[in-house]
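Here is a short walk through a protein model, written for someone who would like to find their way around it before going to the bench. Please keep the viewer open as you read.

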Amino acid sequence: MKYFILAFTLFVAQLTLAQRVKVDRHQAKEAFDLLNKIRTNPERYKKELKLFNLHKITRTKLNWNKQLAEVAEYRAKDMAKRSYFDHVSPEGYGPNYFIEEAGYELNQSWLKKRSANNFESIAANRASATDAIKALIIGKEAPGYHHRTHLLGMDRWNASLYDIGIGYVKCKGAKPYESYLVVIIAKHDW
């Protein structure tokens, strides 16, 4: 009987949290617009975002992709509902798997490892999606500026990516985070 009560309590707690998770597509689109502005005019954001090596920033705009946006939104909701923050789901699946499952075809070599991530940047506990984009670019929480390199296309691999989807969710009162941002920038390549 006590296992039933425990299971029921966990079920109700998860259901309550799921109801508090709110997708904010407007915020996601604002983050997309900001990222494209930074990519095409990094000089304007040099001081605010502590940018250096401006010559390495890809100056091309990214294309909004509905499939990638759906994956990003799913990933953000999943992390919020199940209270984790990781590129890999608790079952061991990474972004590449979810991107392919959504119908966005990837090179099969990118799918050999089920936990693979060639395309995703994530942030949590930011007041807005644009704040999260800025934090990822500034990079205090991620040594080595890996998110900056990804978002701004600052190396050969990331400069070759051209489609983007962003998901942003709020979950007021949730622990440990009250918001999640997922940015997926990818490409088809055979």
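The report below starts with the overall layout and then turns to the core, the strands, one helix, a pocket and some backbone details.

## Overall layout

First, a friendly reminder that this is a predicted model. The protein has eight helices and five strands. Going along the sequence, these elements come in the order α-β-α-α-β-α-α-β-α-α-α-β-β.

The chain has 190 residues, and 47% of them count as buried. If you take the contacts in the protein with a separation of 6 or more, residues 24 or more positions apart account for 66% of them.

## The nonpolar core

The largest nonpolar core holds 52 residues, and the ones with the most contacts inside it are Ile137, Leu181 and Ile184. Two or more residues each come from helices α2 (25-40), α4 (66-82), α5 (95-101), α6 (129-138) and α7 (146-152), and from strands β3 (120-124), β4 (163-171) and β5 (179-186). The most generous contributor is β5, which gives seven residues to this core.

Leu181 is a good residue to click on. Setting aside neighbours within four places in sequence, Leu181 touches Ser121, Ile122 and Ala123, as well as Ala129, Ala132, Ile133 and Leu136. Its contacts also include Ile166, Gly167 and Tyr168.

## β4 and its partners

Strand β4 is mostly covered, with eight of its nine residues buried. β4 pairs with β5 through eight bridges, and these two strands run antiparallel. Strand β1 (residues 21-23) is also antiparallel to β4, joined by three bridges; here Val23 stands opposite Val169. Strand β2 (residues 63-64), by contrast, runs parallel to β4 and is joined to β4 by two bridges.

Asp163 is a handy landmark for seeing how these strands meet. In one direction, Asp163 of β4 is the bridge partner of Asn63; in the other pairing, the partner of Asp163 is Ala186 in β5.

Another link to β4 comes from helix α4, where Tyr74 lies. The C-alpha atoms of Tyr74 and Gly167 are 7.5 Å apart, although 93 residues separate the two along the chain. Is Tyr74 buried, exposed or partly exposed? Its relative accessible area is 39%, so Tyr74 counts as partly exposed, since that class lies between the 20% limit for buried and the 50% limit for exposed.

## A covered helix: α6

Helix α6 is mostly covered too: eight of its ten residues are buried. They are Ala129, Thr130, Ala132, Ile133, Ala135, Leu136, Ile137 and Ile138. Ile137 was named above among the residues with the most contacts inside the core.

What covers these buried residues of α6? The cover includes helices α2 and α7 together with strands β3, β4 and β5. Just after the helix comes Gly139, with a positive phi near 80°.

## The second largest pocket

The second largest pocket has a volume of about 150 Å³. Thirteen residues would be a fair number to colour by hand: the lining has 13 residues, and those nearest the centre are Arg25, Trp64, Ala69, Glu73 and Ile166.

Helices α2 and α4 and strand β4 each supply at least two residues of this lining. Helix α4 gives the most, with four residues. By character, the lining divides into six nonpolar residues, one polar and six charged.

## Backbone details worth a look

Where would you look for a cis peptide bond? One joins Lys175 and Pro176, with omega at about 5°. Pro176 sits in the loop between β4 and β5.

Two residues that are not glycine have a positive phi: Lys50, at about 55°, and Ser83, at about 50°. Lys50 belongs to the loop between α3 (42-45) and β2, while Ser83 is in the loop between α4 and α5. Both are partly exposed: Lys50 has 46% relative accessibility, and Ser83 has a relative accessible area of 36%.

Key:
Residues numbered from 1 in each chain as written. Predicted model: local features only at pLDDT ≥ 70, side-chain atom pairs only at ≥ 80, totals over all residues. Heavy atoms only, no water. Core = buried A, V, L, I, M, F, W, Y, C linked by side-chain atoms within 4.5 Å. Buried < 20%, exposed > 50% of the residue type's maximum accessible area, 1.4 Å probe, protein only. Contact = heavy atoms within 4.5 Å. Pairing = 2+ DSSP bridges. 1 Å grid on protein atoms, 1.4 Å probe; cavity = no way out; pocket = protein on both sides within 12 Å on 5 of 7 lines; lining within 4 Å. Points joined across faces, edges and corners; volume = space filled by probe spheres on them. Nonpolar A, V, L, I, M, F, W, Y, C, P; charged D, E, K, R; others polar.
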